[in-house]
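Here is a quick walk through one model, picking out a few spots worth a look on screen. Have the viewer open and follow along.

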Amino acid sequence: MTTQDRTDGRAGILLVDDMEDNLIALEAVLASLNEPLVRARSGEEAMKALLRQRFAVVLLDIRMPGMDGFETAANIKRLDQTKDVPIIFLTGTDADAGYAFRGYATGAADYLTKPFDPWVLRAKVSVFLDLHRKTQQLESVLTGQRELAEQVDSKLAALQKQLSESTPDLPEVRIQLQDLRALVTRDHAGCP
C-alpha cells in the first residue's frame, strides 16, 4: 500500500502497545467504529506501519521496551509524511505526574490513563476520524481546483496565441472563449 489514503475513504487507527491484553481491549472498544484497526507491538513497528499507510489517529502506550511512547511520538512528529497524525497517549494510572506534560510537549493531541472509559475513548477517536475525513475532502477539493486552474491557464494561453496572430481565426476564438466560459461556469456551479 502507498502512503496515500485508501480509495474507499476508510481511515486506519494505529494501536501501539507491547501488551497483548491492552491491544485486545482497544480492539474491543473501537471495533464498533468500523474502521481498520492496525496493531503495533513496539515503537519500531508503529513507525513501519505509519510509513506504509496513512492513519487518522494513533493510540500510543507510553511505557514500552526499546523505543518508548515519547520517543515514538517524537519520531512521528519529525517526519513530514506523519507529522500531522494526531496521537492519543495511553498510560497506567500509576504513571508519573509529569507524563501528561511530557506527552503534550511531544506533540500528543490527547492523553488518557488506563483503565480508560470506553465511551470517552471511542468519542475521542471518533472526533479524529471525522477530522481525517474532512481533511481528505478538502484535499480532494483543492486537487480539483488545481486541475481546473491548469485547464483555464492552458485555454487562456491558446486563446492568447490565437489573438496574437495577424489575422486571428474569429470562429476558433469564439469556440475557445465558449470552452473557457464553460470551465469557469462549471467551477462556480460546484461541479467536480
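## A loop residue out in the open

Let's begin with Asn34, which is exposed, its relative accessible area being 57%. That figure puts Asn34 in the exposed class because the class begins over 50%. Keep in mind throughout that this is a predicted model.

Asn34 sits in the loop that links H1 to strand S2 (37-40). Its backbone is worth a glance too: phi is positive, at about 55 degrees, even though Asn34 is not a glycine.

## H1 against H5

Stepping back from that loop to H1, how do the axes of helix H1 and helix H5 cross? Two packed helices are described by the angle between their axes and the distance between the axes. Here H1 covers residues 20-30 and H5 covers residues 118-164; their axes come within 9 Å and the crossing angle is roughly 70 degrees. H1 therefore counts as roughly perpendicular to H5, since the window for that label is 65 to 115 degrees.

Which residues do the meeting? On the H1 side they are Leu26, Val29 and Leu30, and on the H5 side Pro118, Leu121, Arg122 and Val125. Sorted by character, the residues of this contact come out as six nonpolar, no polar and one charged.

Arg122 has a second role to point out: its charged end sits over the ring of Trp119, at 4.6 Å from the ring centre.

## Further along H5

Gln145 also belongs to helix H5. Is Gln145 buried or exposed, or something in between? With 38% relative accessibility, Gln145 counts as partly exposed, because that class lies between the 20% and 50% limits.

For a sense of scale, try Gln145 and Thr106: they are 39 residues apart along the chain, and their C-alpha atoms are separated by 35 Å.

## Tyrosines and a cis proline

How many aromatic pairs does the count come to? The answer is two aromatic pairs. One of them joins Tyr104 and Tyr111, with 6.4 Å from centre to centre and 45 degrees between the planes. That pair is classed as tilted, because 45 degrees is neither under 30 nor over 60.

The two partners fall into separate accessibility classes. Tyr104 is partly exposed at 42% relative accessibility, whereas Tyr111 is buried at 14%.

Further along the chain, the peptide bond from Lys114 to Pro115 is cis, and its omega is near -5 degrees. Pro115 itself is placed in the loop between strand S5 (110-114) and H5.

## Around Thr72 and Gly43

Now for a buried corner. Thr72, in helix H3 (residues 69-78), has a relative accessible area of 0% and so counts as buried. Which residues is Thr72 in contact with, leaving aside its neighbours within four places in sequence? They are Gly43, Ala46, Met47, Leu60, Met64 and Met67.

Turn to Gly43, found in helix H2 (residues 43-52). Gly43 is buried as well, at 0% relative accessibility. With sequence neighbours within four places set aside, Gly43 is in contact with Met64, Met67 and Thr72. Gly43 and Met64 are 21 residues apart along the chain, while their C-alpha atoms are separated by 7.8 Å.

Technical notes
Residues numbered from 1 in each chain as written. Predicted model: local features only at pLDDT ≥ 70, side-chain atom pairs only at ≥ 80, totals over all residues. Heavy atoms only, no water. Axes fitted to C-alpha atoms, helices over the stretch in contact; angles between N-to-C directions. Helix = DSSP H or I, 4+ residues; strand = E, 2+ residues; numbered from the N terminus. Parallel < 35°, antiparallel > 145°, perpendicular 65-115°, else oblique. Contact = heavy atoms within 4.5 Å. Nonpolar A, V, L, I, M, F, W, Y, C, P; charged D, E, K, R; others polar. Phe/Tyr/Trp six-rings, centres within 6.5 Å; stacked < 30°, edge-to-face > 60°. Buried < 20%, exposed > 50% of the residue type's maximum accessible area, 1.4 Å probe, protein only. Lys NZ or Arg CZ within 6 Å of the ring centre and 35° of its normal.
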